[in-house]
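Colleague: Please take a close look at the aromatic pairs in this model and walk me through them. I am new to this, so keep the steps plain.

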Amino acid sequence: MSPRETTARQDDATIIRPDFRRTAEPIETVEITPRAPEPAAPSAPAPVAPPAFVPKSPAMTAAYMLAGMLIALTQGLGMSFISTNLQQIAGAMDLTQTEATWLMAAYLFPNASLTLLLFKVRAQYGLRNFAEVAIVVYVLVCLAHFWSDSYESALALRFFAGVAAAPMTSLGFLYVLEPVSPTKKLSVGLCGALTALALPTPVAGIISPYLLDTGGYHALYLVEMGLAMVALGLVYVLPLTSPPRAKVISSLDLVSYLFLAAGLGCFAVAFTVGRLYWWIAVDWLGWMIIGGIAASAIFAAIELNRKNHLVDIRWLTSREILHFAGALMVSRLLFSEQTSGAVNFLRNTGLLNDQMAGLNWLILAGAVASGIICAMVMKPGRASAIHAVALLLVAVGSYMDSQSTILTRPEQMYLSQFLVSFASGLFLPPALMIGMGAAMKRGPSYILSFIVVFLATQKIGGYLGSALYGTFVQWREQFHSFRLVSELASTDPLVASRLKQLSSAYGKVLTDQNQQALQGAALFAKQVQQQAYALAYNDASLLTAWASLAALACLLLHVAWRNRHRLLPTSNPMPAAG
């Protein structure tokens, strides 16, 4: 193949394509006189710069934006449908709650790390081929769900669904960024892409009740497949601009990635099901965490002894990247109050998705509003101020939720959950802009290392946040249950009256007085447990509020230290005595 043919092939080399096309300069060459009188070899051709940005018409801009949001919604609904309707799916498939949770774990195991490898696959084999193959595979996996007739086949299909959804995340990101000018990709484009990725969870909560009433859990798969087929058509109609291809995959990359995938996958599964089995109750859970640590250590050892890194471990452990990763991890832990707290609390009180539709609409409105406002105000140097506002909003919303009772309904949480959703969408784009800017200063090759940080903090951080939040709630629920039961004596007139009232409710269906008393006592114990769970949720929300204020204090101290030369007056030296 000639050099001209080689350089004519194009591909996507980054998730966010900065304006390298305007700043790229030809590589400086140094002429060296050969010692022998042989003719000098011809110099290698300079790499071809990506094609210049061509502004699109308003109609095409809207089409690409909508395509990106639809693709992001399609890939996210596959996971959100399972997590949002776990109880209904477990009942329809005759599974326990723990068995149904393994459907989520099977999906997350490959999905946690596959985006990293696909980043290089796009760069080597072409964005067009990548997009077409990715969307076709996703459609086929969605179609295969209709032939799933056993729990084992459902687990296998959820695993492949996690594989197929990984490239869809990147495609959605790329389509939202495609029509945005290079000067606005890290502001308007980034906010739009992250907002698109936040849509699936509330949308799944809104439409799931209607789908389940129409066709059961198979209707969820039907909608997912229909959206995937629409996305397939959009991928063919709306092509993405492709930078030049490059051979970037080596055999050692595959070996290194296998250990990274095993490490992140083990962590994802352990954090997903660990709370259900309890962390110290089963041995295999500990071995899975040990296996994840060992695989991650082997991956780090391989990368530290390579010249062409898959991931630059040394750069990832630098001060600026550790600070960035810490900020993202804290945000994921704090925002778990919404995904693992408020919604689960309402479900524990007996509410279903159709009764929480209004709350999901408010969460969706908060995500969209935060994306629009963040795109309007986000500029270099404003990240700290935006993060401070986001942390303050999380603290206020979490404190409001900490006043909940067993009679709290979604209407009482509209304002608080809107604030938390708004803060979540407000926090991430500035942080991502800072990290991406630091990677771009080092060069395009460092963007891959940055993606690892982003994936680890967002995906693993999300699983860890959910596990920690759920574990804390479960621990506090046991504490409050013990305290409440110890204070409720059957000789107490109020307790005796309550037991008699609950027992008499079974008088129309049970004639045996002893059975009525047993059923009344069981119902009373369940009500006590619900009260304990409400108290535990209040403790978790209050802890989130205090943690948000602590993070805000650390942020203010960091900003003050960084600007200490402006805040503290400089002392002028005394003039020397004459």
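Modeller: What follows goes through two aromatic pairs, one after the other. Keep in mind that this is a predicted model. A search of the whole structure gives 10 aromatic pairs. A pair of aromatic rings is described by how far apart the centres are and by the angle of the planes.

Start with Tyr64 and Tyr175, whose ring centres are 5.8 Å apart. Their planes stand at 25° to each other, and the pair is stacked because planes under 30 degrees apart count as such. Tyr64 belongs to helix H3 (residues 58-84) and Tyr175 to helix H8 (residues 151-177). The two are 111 residues apart, and the pair links distant parts of the chain. Tyr64 and Tyr175 are both buried.

Now turn to Trp102 and Trp284, with 5.9 Å from centre to centre. Here the angle between the planes is 40°, and this pair is tilted. Trp102 sits in helix H5 (residues 97-111), while Trp284 sits in helix H13 (residues 283-304). The pair therefore ties together parts of the chain that are 182 residues apart in sequence.

How buried or exposed are these two? Trp102 has a relative accessibility of 23%, so Trp102 counts as partly exposed. Trp284, at 34% relative accessibility, also counts as partly exposed. Both values fall between the cut-offs, since buried means under 20% and exposed means over 50%.

One more residue belongs in this picture: Tyr277 joins Trp102 and Trp284 in one aromatic cluster.

Technical notes:
Residues numbered from 1 in each chain as written. Predicted model: local features only at pLDDT ≥ 70, side-chain atom pairs only at ≥ 80, totals over all residues. Heavy atoms only, no water. Phe/Tyr/Trp six-rings, centres within 6.5 Å; stacked < 30°, edge-to-face > 60°. Helix = DSSP H or I, 4+ residues; strand = E, 2+ residues; numbered from the N terminus. Buried < 20%, exposed > 50% of the residue type's maximum accessible area, 1.4 Å probe, protein only.
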